[in-house]
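Biologist: I would like a close look at a single part of this model, with its surroundings described carefully and in connected form.

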Amino acid sequence: MPENLAATQTSLPVPPPGEEAPAPQPPTESSRERYRGLIWLVAAAFFMQALDSTIVNTAVPAMAEALNVTPLGMRTALTSYVLTLAIFIPASPWLCDRFGTRRIFAAAIATFTIGSLLCGIAQTLPQLVAARVLQGLGGAALMPVGRYVLVRSIDKREFVRAMSTVATVGLLGSVLGPLLGGALAQYTTWRLIFLINVPVGLVGMWMNRQSMPDYRLDDIHPFDLLGFLLFAAASAMLLTASEVASGGGGQWVRIAIYGVLAVVFGVIYVWHSRRTDHPVADLSLLRVRSVWVSLAGNLFTRLGVSGMFLLLVLFLQVGCGWSPLMAGLMMVPQALGSITAKWGINRLLQRFGYRRLLFTNTLMVAVLLAMFALLGKGSPMWLIALMVFVYGGFMGMQYTAMNTLIYNDLDVKFASQASSMASTAQYLSMSFGIALASLLMEALLQGHAHDDYIPAFRWTVLLLAIVTATASWVFSRLKNETVARAGHASG
């Protein structure tokens, strides 16, 4: 009896006589350690995109002067890039299944790099917009493919922590972007803000060969070309309607036509997706509560906040007369606040869950957004920096929680579609957010004198705070049991 008991308690089998006992197995390596190179590759791609988007905002006034347009007229160069991301992101899952993640990610980096080069040598606004569209073609695969590969490779218990690492490195681009953009615009030329992406892209190409897994399917379904065209048309018509509205002149007939066309294309797509085996965006995933809450919450949140730092740059440079370098310096605390907050998001999700955290955090973001209306021409620099830092901290928690919520209740086989839908909703709402902020500020401007930008900025951020606050109601729709699983999964 004692011998049998001893045998059952040992962790290794008893070897036959004359044979050595097997050596103890080393502890299993965690998925984060096994795919460390992949995490840094995706982080580098996020860094390149974050650097590009934040560096452009700071240089908008200088670019507008060089291209002979108004600062708010530069919104086309911003929205065209983001809308291109949103339109072409749904194609990324099929492209990955057909050609493999390694090849598509390499092509995305190369296209983004070439687009950056063309942006740097553009001579007119239409040329810049065309180059930004090419940039968007490459960028359309960077984030969704990166997220998809991480979801496939990283254990669910470690996913939030891995995404936090990726987002933190991306935020370093947000730290360097405004400061570098201001310095380049003030002391050299705004063209270097795009050309700086070229060496980063070359490093990314090398890292892709070393660390990117090659996930693909041997038997793939046909690409939903009709659905893709319908979705692209609906998105383009919506943004065109907002562009026409921001142009003034009371062109209500054209606005109505573009708006109606957007609705018609959208309705046709919904009808088409229900009759297609493999739609470009699988709307059946919206039956999962955490999926539709994540997408809708992303939409309303980003509608309110996406244009904020463009407005702040215009307020500081045009309204208050700050130099590009000083205005860029004021953007740095936002990224630092986001980095600081992201290190604690995993613990907060474990303690409070997605529902309570997102509901409360979204309201705080709306309040902080409204507080920017208190700023004026004589506001001290330290106060602006403090407000931007706190705002960035809450936005960092918001983005990380929103971006991981969509995967909470989904099987890994839906990860590709979920990643595509999440990225599409993110960039589509960003493009409309930038357009909305520009439209509101242009409508509230009483003239184009420097002092006119200050009251217009104040009223615009108040209206955007109301839009952002509506997202808190969306996040309150999460069920309690979903929250419990989210807290467990995020550990």
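In which helix does Arg-302 lie, and what surrounds this residue?

Modeller: In this predicted model, Arg-302 lies in helix α13, which spans residues 289-305. Arg-302 counts as buried because its relative accessibility is 3%, under the 20% cut-off. The side chain of Arg-302 makes a polar contact of 2.8 Å with the side chain of Asn-298. Leaving aside residues up to four places away in sequence, Arg-302 touches Tyr-399, Met-402, Asn-403, Gln-426, Ser-429, Met-430 and Gly-433.

Two of these partners lead on to the largest cavity, since Tyr-399 and Met-430 are, together with Ser-53, Thr-54 and Ser-174, the residues of its 39-residue lining that lie nearest its centre. This cavity holds about 970 Å³ of space, and the model has three cavities of 30 Å³ or more. Its lining comprises 21 nonpolar, 14 polar and four charged residues, with at least three residues drawn from each of domain 1 (34-215) and domain 3 (282-479).

Helix α13 also takes part in the lining of the largest pocket, being one of the elements that give two or more residues to it, alongside α11 (225-246), α12 (252-273) and α19 (415-444). The largest pocket, with about 680 Å³ of space, is lined by 24 residues, and Phe-231, Leu-283, Thr-424, Ala-425 and Leu-428 lie nearest its centre. The most is given by α19, with seven residues. By class, this lining has 19 nonpolar and five polar residues but no charged ones, and at least three residues come from each of domain 2 (224-279) and domain 3 (282-479).

Note on methods: Residues are numbered from 1 along each chain as its sequence is written. This is a predicted model: local features need pLDDT of at least 70, side-chain atom pairs count only at pLDDT 80 or more; totals for chains, interfaces and linings use all residues. Side-chain values use heavy atoms; hydrogens and water are left out. Helices (H or I, at least four residues) and strands (E, at least two) are DSSP runs, numbered from the N terminus. Buried means under 20% relative accessible area, exposed over 50%, partly exposed in between (1.4 Å probe, protein chains only). A polar contact is a pair of N or O atoms within 3.5 Å; within protein, one must be able to donate a hydrogen and the other to accept it, and residues adjacent in sequence count only if both atoms are side-chain atoms. Contact means heavy atoms within 4.5 Å. On a 1 Å grid over the protein atoms alone, a cavity is a set of points where a 1.4 Å probe fits but cannot get out, and a pocket is an open set with protein on both sides within 12 Å along at least five of seven lines; lining residues have an atom within 4 Å of a point. Grid points are joined across faces, edges and corners, and a volume is the space filled by probe spheres set on the points. Ala, Val, Leu, Ile, Met, Phe, Trp, Tyr, Cys and Pro count as nonpolar, Asp, Glu, Lys and Arg as charged, and the others, Gly among them, as polar. Domain bounds come from an automatic or database domain assignment.
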